[in-house]
Amino acid sequence: MSEPDAQYPRYRSHFLPRTRDGRIAVLAFVALLAFAEPPLVYVLANRITPWVFGMPFLFAYLLGIYLGMIAVLIWAARRGV
């Protein structure tokens, strides 16, 4: 009788990116996410006094970060990563 693992091929984990573009997409997304979470957002953007396009700075900052995250996801989807 053979071992159960010998019958089936071994695949790499699907949680780890397999390509260079996949690693870039994951790192870019995680870096942008870190800029939207405390403590970085408290240090960098926790102010409302300068207004940008009619929004407090904090909201404009977070909008830019979230749009960047969406752009990374769209880029990764188009590349087939």
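In this predicted model, helix α2 passes helix α4 in a left-handed crossing. Two packed helices are described by the angle between their axes and the distance between the axes. Here, α2 (residues 20-35) and α4 (residues 57-79) pack at an angle of about 165°, and their axes lie 9 Å apart. Since angles over 145 degrees count as roughly antiparallel, α2 and α4 are therefore roughly antiparallel to each other.

It helps to look at the residues that meet along this pair. From α2 come Asp21, Ile24, Ala25, Ala28, Phe29, Leu32, Leu33 and Phe35, while α4 brings Tyr61, Ile65, Gly68, Met69, Val72, Leu73, Trp75, Ala76 and Arg79. Sorted by character, the residues of this contact comprise 14 nonpolar, one polar and two charged.

One residue of α2 deserves a second look. Asp21, which lies in this helix, has a relative accessibility of 16% and so counts as buried, the cut-off being under 20%. Beyond its neighbours within four places in sequence, Asp21 is in contact with Trp75, Arg79 and Val81.

Helix α4 can be checked with simple arithmetic. At 1.5 Å a residue, its 23 residues should span 33 Å, and the end C-alpha atoms of α4 are indeed 33 Å apart, so the two values agree. The buried residues of α4 are Leu58, Ala60, Tyr61, Leu62, Ile65, Met69, Val72 and Ala76. Their cover includes α2, together with α3 (40-45) and the strands β1 (51-52) and β2 (55-56). After α4 comes Gly80, with a positive phi near 75°.

Notes:
Residues are numbered from 1 along each chain as its sequence is written. This is a predicted model: local features need pLDDT of at least 70, side-chain atom pairs count only at pLDDT 80 or more; totals for chains, interfaces and linings use all residues. Side-chain values use heavy atoms; hydrogens and water are left out. Axes are lines fitted to C-alpha atoms, for helices over the stretch in contact, and angles run from 0 to 180 degrees between N-to-C directions. Helices (H or I, at least four residues) and strands (E, at least two) are DSSP runs, numbered from the N terminus. Angles under 35 degrees count as roughly parallel, over 145 as roughly antiparallel, 65 to 115 as roughly perpendicular and the rest as oblique. A crossing is left-handed if the near helix is turned anticlockwise from the far one by less than a right angle, and right-handed if clockwise. Contact means heavy atoms within 4.5 Å. Ala, Val, Leu, Ile, Met, Phe, Trp, Tyr, Cys and Pro count as nonpolar, Asp, Glu, Lys and Arg as charged, and the others, Gly among them, as polar. The expected span of a helix is 1.5 Å times one less than its number of residues. Buried means under 20% relative accessible area, exposed over 50%, partly exposed in between (1.4 Å probe, protein chains only).
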